[in-house]
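User: Please go through the structure shown below with me, one question at a time.
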Amino acid sequence: MKYLDEFSDPVLARRLLDQIHAVTTRPWAMMEVCGGQTHSIIRHGIDQLLPDGIELIHGPGCPVCVTPLEMIDRALAIASRPGVIFCSFGDMLRVPGSGRDLFTVKSQGADVRVVYSPLDALEIAKSHPDREVVFFGIGFETTAPANAMTVHQARRLGIRNFSLLVSHVLVPPAIAAIMESPSCRVQAFLAAGHVCSVMGTDQYPALAAKYGVPIVVTGFEPLDILEGIRQTVVLLEAGRAEVGNAYPRAVPPAGNLPARAMLEDVFEVADRTWRGIGMIPGSGWRLSERYREFDAEERFAVGEIHTDESPLCRAGEVLQGHIKPHECAVFGKECTPRNPLGATMVSSEGACAAYYAYRRLELVSL
Ligand code: SF4
């Protein structure tokens with residue numbers, strides 16, 4: 001495949017690994033913040049090729065995983081209402097709420113549809129003016145611009161039977177929350193490349209300076225990740241709490257300015273709960289006052305739904321690097337991708353699901 005296979009080139013990978021080994025003099029613990037990176041690291045065994053003592057902590061970077069259980073229950077409650085067409089990307093349909101998932105609700109007669117863009121949901125709203133059409137807008141800064149654009153369009157075109165169930169979260173406040181934790185072991189971050197392609201890198205120097213940690217913007221292919229790790233180790237070894245960019249082909253320093261302007265217009269910062277971690281102040285977006293009439297949570301009055309997580313789940317400890325997924329007693333037993341008990345097993349980008357997919361047999365035979 002042109003333009004992608006090049007980023008898995010084994011000769012170049014070996015060269016980068018040699019450079020990482022050459023520069024490493026002591027143990028370091030760094031966190032990758034993106035679920036796509038976690039998946040790629042485990043899939044390609046990158047963590048097993050690093051020098052002894054370089055530890056990758058799999059952070060809260062999978063958007064499906066960090067969507068709180070109560071938000072899934074709100075989606076289920078809305079989708080079950082008569083007259084509603086509930087639209088979502090396909091990966092949310094099998095994420096279980098307290099008792100069922102969107103697939104189950106669909107099989108019970110609800111009109112749940114998989115779309116490939118929030119704008120598809122807006123088209124459905126246009127062609128069904130007698131129905132309420134809701135799009136489930138989850139994820140990080142990466143997916144938010146398309147959702148913002150859709151609400152902007154709905155308002156501009158006067159399409160009032162469309163609304164957005166918003167569960168957007170922001171990376172920088174999560175980095176701050178992780179560093180504020182008294183038990184934090186993280187000494188550096190591989191920042192999520194796609195988030196930075198939207199938001200740029202200007203939020204990170206202050207974080208790096210405040211917490212004394214290097215932050216290196218990193219992509220998703222094996223060579224991208226190795227280069228991100230190499231730059232991070234160089235900064236760590238030199239004692240420089242600076243921001244690096246190992247993904248310059250996709251991340252300009254200012255990010256995507258039109259997208260950022262759209263986000264500022266449509267959303268405002270709000271407190272958000274992260275599945276597996278809890279509430280982080282100012283760590284998400286909700287619709288701003290100008291667009292509040294398109295907020296599905298208010299339109300359907302589902303804000304009061306609250307749900308408890310399984311007491312068996314240790315996803316919070318996984319996400320903070322205190323344990324690896326297989327050290328959870330129910331990993332691969334009561335908790336599997338088909339029957340996930342917690343945040344990090346619900347999507348293939350979650351750390352528990354990645355270990356289950358690529359390390360299960362190896363871990364069982366230990
Ligand atoms: S294996 Fe399952 S129950 Fe255990 S921490 Fe991971 S998601 Fe939670």
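User: Leaving aside its neighbours within four places in sequence, with which residues is glycine 244 in contact?
Analyst: This is a predicted model. Glycine 244 is placed in strand β9. Leaving aside neighbours within four places in sequence, the residues in contact with glycine 244 are Pro214, Val216, Val217, Gln231 and Leu235.

User: Does glycine 244 count as buried or exposed?
Analyst: The cut-off for a buried residue is 20 or more other C-beta atoms within 10 Å. Glycine 244 has 25 C-beta neighbours inside 10 Å, so the class is buried.

User: What distance separates the C-alpha atoms of glycine 244 and serine 197?
Analyst: Along the chain, glycine 244 and serine 197 are 47 residues apart. In space, their C-alpha atoms are separated by 14 Å.

User: Which are the edge strands of the open sheet of 5 strands?
Analyst: The order of this sheet is β2-β1-β7-β8-β9, with parallel pairing. An edge strand here pairs on one side only, and that holds for β2 (54-58) and β9 (243-245).

User: By what angle are neighbouring strands of this sheet turned against each other on average?
Analyst: The sheet is open and has 5 strands. With direction ignored, the average turn between neighbouring strands is 25°.

User: Over how many bridges do β7 and β8 pair, and which residue stands opposite alanine 192?
Analyst: Strand β7 covers residues 188-192 and strand β8 residues 215-218. The two pair in the parallel sense over 4 bridges. Opposite alanine 192, in β8, stands threonine 218.

User: Why is β2 described as largely enclosed, and which residue of β2 stands opposite methionine 30?
Analyst: Of the 5 residues of β2, 4 are buried, so the strand is largely enclosed by the rest of the structure. Strand β1 (residues 28-32) runs parallel to β2 and is joined to it by 5 bridges. The residue of β2 opposite methionine 30 is leucine 56.

User: Where is leucine 226, and which residues is it in contact with, leaving aside neighbours within four places in sequence?
Analyst: Leucine 226 lies in helix α12 (residues 222-238). Leucine 226 is buried, with 26 other C-beta atoms within 10 Å. Leaving aside neighbours within four places in sequence, its contacts are Ala13, Leu16, Leu17, Ile20 and Ile46.

User: How far apart in space are leucine 226 and phenylalanine 86?
Analyst: In sequence, leucine 226 and phenylalanine 86 are 140 residues apart. From C-alpha to C-alpha, the distance is 40 Å.

User: What is the strand order of the open sheet of 6 strands, and which are its edge strands?
Analyst: The order is β4-β3-β5-β6-β11-β10, and the pairing is mixed. The strands that pair on one side only are β4 and β10 (267-274).

User: Which residue stands opposite histidine 168?
Analyst: β6 and strand β11 (residues 278-287) pair over 2 bridges in the antiparallel sense. The residue in β11 opposite histidine 168 is tryptophan 285.

User: What angle does the direction of helix α8 make with that of β6?
Analyst: Helix α8 (residues 144-157) packs on the sheet and touches β5, β6, β10 and β11. Its direction and that of β6 make an angle of about 155°.

User: How many residues of helix α5 are buried, and which elements do they pack against?
Analyst: In helix α5 (residues 69-79), 9 of the 11 residues are buried, so the helix is largely enclosed by the rest of the structure. The buried residues include Leu69, Met71, Ile72, Leu76 and Ile78, and also Glu70 and Arg74. They pack against β3 (84-88), α6 (102-107), β4 (111-114), β5 (132-139), β6 (162-169) and α14 (296-299).

User: What is the phi of alanine 301?
Analyst: Most residues other than glycine have a negative phi. Alanine 301 is in the loop between α14 and α15 (315-319), and is exposed, with 10 other C-beta atoms within 10 Å. Although alanine 301 is not a glycine, its phi is positive, about 50°.

User: Which residues come nearest to the ligand?
Analyst: By class, the shell around the ligand has 13 nonpolar, 2 polar and 1 charged residues. Of the 16 residues around the ligand, the nearest are Cys313, Cys328, Cys335, Gly342 and Cys352.

User: What radius of gyration does the protein have?
Analyst: The protein has 17 helices and 11 strands, and 48% of its 366 residues count as buried. For 366 residues, a compact globule would have a radius of gyration near 21 Å. The protein agrees with this, at 21 Å.

Technical notes:
Residues numbered from 1 in each chain as written. Predicted model: local features only at pLDDT ≥ 70, side-chain atom pairs only at ≥ 80, totals over all residues. Buried ≥ 20, exposed ≤ 12 C-beta atoms within 10 Å, placed from the backbone. Contact = placed C-beta atoms within 7 Å. Pairing = 2+ DSSP bridges. Axes fitted to C-alpha atoms, helices over the stretch in contact; angles between N-to-C directions. Near = placed C-beta within 6 Å. Nonpolar A, V, L, I, M, F, W, Y, C, P; charged D, E, K, R; others polar. Rg over C-alpha atoms; globule rule 2.2 N^0.38 Å.
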